[in-house]
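Please read the report below alongside the sequence and the structure. It takes up a few salt bridges before turning to the sheets, the helices and the confidence of the model.

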Amino acid sequence: DFDKMKSLGVSISHENWLTPFDREILSVASSLYAAGNEYQSPLMIYQALSGNREDVKLTPDMRNKIIQSLKKLRLTNIEIDSSQEEKVGSERIEVMTLNGQEVVECIHFLRNSPLYEYAAGKNQISRVNISMLNVPINNTEDNVILKCYLLRIITSIKNPKSKLKPIIRYDTLYEYLGLDESDKYIRIKKQLIRERTKEILKYWVDNGLIKGFEEETEGRGKKIVKVKILL
């Protein structure tokens, strides 16, 4: 959680150039490394993002987005306690054999992300079964961002020490996904996000992560503006 990191005194250089997608790539790559995967291919990272290790197809566009995201993260410096600046250590390998198969593109992680190590040291790592990301929706960049963000919020809400209310506001999702209010298709896009959110939450109800959810309204017009998570 970048915002929580900042409250603890962690400075992230070029923070504005890191997108929500970059944050999810960092989270997944760090988790894979922590699980013993020193060598990772874009397909491995995409499989983790999709929650499906077998039946997924990595498109050239998504493969390029993952690689570009890793490049950005690799060049992003952090400063902890205003004393030590570090960067994620990794190197790119063009061709190698990974898990018995020849991989055209592979990244060798020389160490885990300092952000991950810092959070782990403070016991701030949430652990969720990867199957919870195997939501039956297309794994577009926006959908990946949405389901990962929702999962992070819900695991935070479920933390016994958390003071967060079990409420997710739709306007927060619109902002996180970078919707432009001047877009002529803004209403359609907002509707799609709400429908996609309900699909994701229903999958988690069916798989036992949450007990249910309810949309709630505000104002005289009874406009649906948030969803309450039933734990």
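## Salt bridges

In this predicted model, K198 and E195 are 3 residues apart in helix α8, so about one helical turn separates them. Their side chains form a salt bridge in which the closest N and O atoms are 3.2 Å apart. K198 counts as partly exposed at 23% relative accessibility, and E195 is likewise partly exposed, with a relative accessible area of 32%. Elsewhere, R169, D171, E216, E218 and K226 are joined into one network by salt bridges that share partners.

The structure holds 15 salt bridges, and two further examples can be described individually. D61 and K65 meet through their side chains at 3.3 Å, N to O, and because these residues are 4 apart in helix α4, about one helical turn lies between them. D61 is partly exposed at 46% relative accessibility, while K65 is partly exposed at 28%. E117 forms a salt bridge with R111, with 2.6 Å between the closest N and O atoms; here E117 has a relative accessibility of 38% and counts as partly exposed, as does R111 at 25%.

## The three-stranded sheet

An open sheet is formed by 3 strands in the order β9-β11-β10, with antiparallel pairing. The edges are occupied by β9 (167-169) and β10 (212-218), each of which has a single partner strand, so one side of each is left without a neighbour in the sheet. On average, and with direction ignored, neighbouring strands of this sheet are turned by 30° against each other. Helix α8 (residues 186-206) packs on the sheet, where it touches β10 and β11, and the direction of the helix makes about 145° with that of β10.

The antiparallel pairing of β10 with strand β11 (residues 223-230) extends over 7 bridges. Within this pairing, G212 has L230 of β11 as its bridge partner, and E216 has K226 of β11; E216 and K226 also belong to the salt-bridge network described above. The hairpin of β10 and β11 has 4 residues between the strands, and G219 in this hairpin takes a positive phi near 80°. On the other side of the pairing order, β9 is joined to β11 by 3 bridges, the two strands running antiparallel, and I167 stands opposite K228 in β11.

## Strands β2 and β8

A separate pairing to consider is that of strand β2 (residues 39-40) with β8, which are joined by 2 bridges and run antiparallel. Q40 stands opposite I107 in β8. Strand β8 (residues 106-109) is covered on both faces, with C106 and H108 buried on one side and I107 and F109 buried on the other.

## Helix α6 and buried positions

Helix α6 (residues 141-158) has 18 residues, which at 1.5 Å a residue should span 26 Å, and this agrees with the 26 Å between its end C-alpha atoms. The buried residues of the helix are N143, V144, I145, L146, K147, C148, Y149, L150, L151, I154, T155 and I157. The elements that cover these buried residues include α2 (20-34), α3, β9, α7 (170-176), α8 and β11.

L201 lies in helix α8 and counts as buried, at 0% relative accessibility. Leaving aside residues up to four places away in sequence, L201 touches I154, I210, F213, V227 and I229. The C-alpha atoms of L201 and I229 are separated by 8.7 Å, although the two residues are 28 apart along the chain. N52, by contrast, is placed in the loop between α3 (42-50) and α4 (60-74), and N52 is also buried, with a relative accessible area of 17%, which falls under the 20% cut-off for that class. Again leaving aside residues up to four places away in sequence, N52 touches Q47 and N134.

## Confidence of the model

How many of the residues score at least 70 in pLDDT? The share is 86%, and the chain averages a pLDDT of 85. Over residues 82-88, however, pLDDT stays under 50, and for this stretch the model has 18 contacts beyond four places in sequence.

Terms used
Residues are numbered from 1 along each chain as its sequence is written. Side-chain values use heavy atoms; hydrogens and water are left out. Two strands pair if DSSP finds at least two bridges between them. Axes are lines fitted to C-alpha atoms, for helices over the stretch in contact, and angles run from 0 to 180 degrees between N-to-C directions. Contact means heavy atoms within 4.5 Å. Buried means under 20% relative accessible area, exposed over 50%, partly exposed in between (1.4 Å probe, protein chains only). The expected span of a helix is 1.5 Å times one less than its number of residues. pLDDT is the predictor's confidence in each residue, from 0 to 100. A salt bridge is a side-chain nitrogen of Lys or Arg within 4 Å of a carboxyl oxygen of Asp or Glu.
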